[in-house]
Number of protein chains: 2
Amino acid sequence: MSDCRVDQGGTDCLADMKRFVEAASIAIVGATRQTGSSSFNIVERLLSHGYTGSIYPVNPNTPEILGVPTYPRVGDIPEPPDMAVIPLWERAEVPRLVRECIDAGVKNIIVVTQGFADGDAEGKVLQKEILRIAREGGARILGPNSLGVANAFIGLTTSFLPHKMDRVAVGVICQSGVFFLHMRTFTALGKAIDIGNGADIHFVEALRYYECDPDTKVILLHIEGLPQGRRFMEAALRTSLQKPIVALKVARHSEAVRAVESHTGSLSGRDEIVRVALKQCGVLLVNDIGEMEDLAKAFLRLPPMRGRRVGIISVSGGAGVMVLDACQDHGLRPAELTDETRRRLQELSPKWMKVANPVDMWPLTAYSGLSVSATALAGLKALLEDAGVDGVVLALATPFFEEALNVADAVPDLMRAYSKPISWWTFTGSDEEKDAALEKRGPVVFQSARRATRALAKLADYEDFRREHSR
Amino acid sequence: MSDCRVDQGGTDCLADMKRFVEAASIAIVGATRQTGSSSFNIVERLLSHGYTGSIYPVNPNTPEILGVPTYPRVGDIPEPPDMAVIPLWERAEVPRLVRECIDAGVKNIIVVTQGFADGDAEGKVLQKEILRIAREGGARILGPNSLGVANAFIGLTTSFLPHKMDRVAVGVICQSGVFFLHMRTFTALGKAIDIGNGADIHFVEALRYYECDPDTKVILLHIEGLPQGRRFMEAALRTSLQKPIVALKVARHSEAVRAVESHTGSLSGRDEIVRVALKQCGVLLVNDIGEMEDLAKAFLRLPPMRGRRVGIISVSGGAGVMVLDACQDHGLRPAELTDETRRRLQELSPKWMKVANPVDMWPLTAYSGLSVSATALAGLKALLEDAGVDGVVLALATPFFEEALNVADAVPDLMRAYSKPISWWTFTGSDEEKDAALEKRGPVVFQSARRATRALAKLADYEDFRREHSR
């Protein structure tokens, strides 16, 4: 790991970032008294997550909010808080409030307010003004147009929207609040930093934090624009060698590029060039939020995929064909099974069947008299023991759900014993509830042949990158 | 609609197919006495679905199965049943049983058994033998290696695996039992025909049934191989002009092509050629089961998309950018809003915001004081009334779920009033349960920007096809 104490450029960027993400005290400047689902009350959010630090709501019109004493002004708070959040709607008031925060000794300020570089010409001027005030006062700005930070490990969130978080080793950096909302099947939010318009804190600073953060094993990026090009690439390369970075680069097309300019005021740069540069730094590109979710799970819970040869075992021949297509779509190939593996599987098979990869479980279970789970486990073991297999895709689900649960119980030990990933496609007939029940027992489960296979491909891509750079 | 009474080639293929899918009586030849989850008992399946016809289990070793009287042989059944199913594991017995069925006057026979063209050389010979027996006896064979047929409208299924079905206007033709299992969020199985190895009944015959079936509005195909090339194309073109055909063509790559040969014994043909031919017949190609599910819902429940200009309204600017990318990926384009539409939306917006497409709801709701649902409905109406908008993508979900439910209530009327589709992306933070609650109120909901947008693109593709061919 690189030395996390020294920073390029002389400023202690890492300490700044820690004060944001690990803040032990927060002022909410202009905290609302309203509560309930449409109140966008940050104090309420912090209390609901059990934030371990001190909360200082600033509001001159009420003595307390949800039982937390308020202060008329930031300067009235007894000690300078680690961080202040400005969630007001009115952009014109923001420069004055930023100055008040700085005068009160606050060094880290989150500006939630919109209408700056994401708005009109006047907004651009205002954003520059805020930045100037911060620089002069030695303070750092996250935003404007940002939900701020979240940290499940200390129950911290500055989001005015309710969201889930979990103590998972996943760190998010985003340019949209979309990524504070939990993903569909996996709460990939252990920590999060929304850089919003990125007036001051941008990807490089946020990445620096996760690079050095022992709580973070996988980093997820949502990228609209990358103005810090070269500095970003250096940081990304250094970080990728330590932990995987998964990036959803949006604004791939012209219309979206124009929209980004009014969303976060970012200049996107030419998409193809950005994508090539990201790949060179080992960043794993994904196409949608679902894939991001898949890779977060895969990198957290699966052993490395050390090659591109896939063993496939399916309870349906038709499903096996779909996994094969997905393998070739994603640069993987079906493993050539050894004679020994074939012999073992042939023993379970009807005579007319020539064992091949994909292993079609159905004739095995129909003719051997073994249960579906016993067949699946025998097949999984045979594939994992084969030296020509780098990872396995298993296609198994309802109507064999009870059997699938038995298989799920065995999967974690199998992956540990052979140090090879098993990617499970719970094909047609499953649902999120059943998938969650399977995942609770240890396996990583995907919703389609494509997703199950693509996850293995990205694990292999990451190993390739590490291998090349460790020479 | 073409004349459904006359068939090419002189045989009454349609009547044959009706006897399969609408069978009023079934013999299960070699019905098992076992019951419960791993018994694969077709009698049990039929009873659980409330099959409205007569069930004749054939088993010489027991007087009844689940209360249904059995017969020692097919010939002992008092009247020839419309259809017989042979679900045995032992392929060698099948020719004899097929002959027994024919001798008993059965004209429609489903062979579930595997190990024919999907097996070894001996299996291929056996399959020919079965076909010869059937032809001589004037009978039709579905299979071998087939789950047979399902028909939710009469509670009929010959599948030995449990599956869901619903009285939806969707007809499935497949070469794998995977498609008998319900899809994740939508039971796209009103009727189904598994052609398996396709020794006799193949796509053309099955398609003929759905072409003429008033219960079927959308046809889903799972294609491993298409040996009936030209006849299929004629049938597909004729049918496409009446109702949409959605096809998942698998075995796109070399390895999968080889696997298909041992799965259903089909020859796949060159993938690119097959795909071009399918498109020419108006068949809508999809890449996975999820997309098939999406299109089944879209064609059943959305009005036509009469052009390619999309209005986008999103509660998050970041989500709007993703929809834009998806539009351009799928050959759609963001609509240019009229001055009138802009003016209406500008009235709700903060001054610094220049209204554009995508419409970013968040600043509107934050600054106008309107609720999220009121903003969404105002935005939806403005977009739908714009003559330059052919369809709308709405990105809205948790944490505004209660508001989303209000919007959902209004969506069916809006779509009817303007006769334009609204495609709803319940972005990050939703789940299958919430999505189902929204769909119950009428809208069609998708899990990603890509899926929501792709559905509109396919609706537009289908309209293009119909327009071209109606000239």
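**Two chains and their contact**

The contact between the two chains takes 68 residues from chain B and 69 residues from chain A. Before I go further, please keep in mind that this is a predicted model, and that the values I mention are computed from it.

Let me stay with the side of chain B that touches chain A, and begin with the elements that build it. Those that give two or more residues to that side are helix 4 (121–136), helix 7 (254–263), helix 9 (289–301), helix 10 (317–329), helix 12 (361–368) and helix 16 (449–469) of chain B. Which of these helices gives the largest share? That is helix 10 of chain B, which contributes 9 residues to the side that touches chain A. If we sort the residues on this side of chain B by class, we find 28 nonpolar, 27 polar and 13 charged.

Now, how are the two chains arranged with respect to each other? In general, two copies of a chain are related by a rotation about an axis and a shift along it. Here, chain B is superposed on chain A by a rotation of 180° with 0.0 Å of shift along the axis, and the RMSD is 0.0 Å. The two copies are therefore related as by a two-fold rotation axis. If you would like a landmark for that axis in chain B, look for B:Glu432, whose C-alpha is the nearest to the axis in that chain, at 3.3 Å. The copies also meet through the same surface, because 100% of the interface residues of chain B are interface residues in chain A as well.

Two of the helices I listed deserve a second look, namely helix 9 and helix 16 of chain B, whose axes come within 10 Å of each other and cross at roughly 60°. At that angle, helix 9 of chain B is oblique to helix 16 of chain B, and the crossing of these two helices is right-handed. On the helix 9 side of chain B the contact is made by B:Gly290, B:Glu291, B:Asp294, B:Leu295 and B:Ala298, and on the helix 16 side by B:Arg451, B:Arg454, B:Ala455, B:Lys458 and B:Leu459. By class, this contact has 4 nonpolar, 1 polar and 5 charged residues.

Let me turn to some backbone details, which can be followed in each chain. In chain A, the peptide bond from A:Gly143 to A:Pro144 is cis, with omega near -5°, and A:Pro144 sits in the loop between strand 7 (140–142) and strand 8 (148–151) of chain A. In chain B, a cis peptide bond joins B:Gly143 and B:Pro144, with omega about -5°, and B:Pro144 lies in the loop between strand 7 (140–142) and strand 8 (148–151) of chain B.

A:Ala251, although not a glycine, has a positive phi of about 60°, and its place is in the loop between strand 13 (245–249) and helix 7 (254–263) of chain A. Is A:Ala251 buried or exposed? With 28 C-beta neighbours inside 10 Å, A:Ala251 counts as buried. For B:Ala251, phi is likewise positive, near 60°, and B:Ala251 is buried, with 28 other C-beta atoms within 10 Å.

I will finish with B:Thr157, in strand 9 (residues 156–157) of chain B, which counts as buried because it has 26 C-beta neighbours inside 10 Å. Leaving aside residues up to four places away in sequence, B:Thr157 touches B:Arg45, B:Leu46, B:His49, B:Ala150, B:His163 and B:Met165. The C-alpha atoms of B:Thr157 and B:Ile42 are separated by 7.8 Å, although these residues are 115 residues apart along the chain.

How values were computed
Residues are numbered from 1 along each chain as its sequence is written. Chains are lettered from A and ligands numbered from 1 in the order in which they are written. This is a predicted model: local features need pLDDT of at least 70, side-chain atom pairs count only at pLDDT 80 or more; totals for chains, interfaces and linings use all residues. Copies are superposed by least squares on the C-alpha atoms of residues with pLDDT of at least 70 in both. Two residues are in contact if their C-beta atoms, placed from the backbone, lie within 7 Å. Helices (H or I, at least four residues) and strands (E, at least two) are DSSP runs, numbered from the N terminus. Ala, Val, Leu, Ile, Met, Phe, Trp, Tyr, Cys and Pro count as nonpolar, Asp, Glu, Lys and Arg as charged, and the others, Gly among them, as polar. A residue is buried if 20 or more other C-beta atoms lie within 10 Å of its own, exposed if 12 or fewer, and partly exposed in between; C-beta atoms are placed from the backbone. Axes are lines fitted to C-alpha atoms, for helices over the stretch in contact, and angles run from 0 to 180 degrees between N-to-C directions. Angles under 35 degrees count as roughly parallel, over 145 as roughly antiparallel, 65 to 115 as roughly perpendicular and the rest as oblique. A crossing is left-handed if the near helix is turned anticlockwise from the far one by less than a right angle, and right-handed if clockwise.
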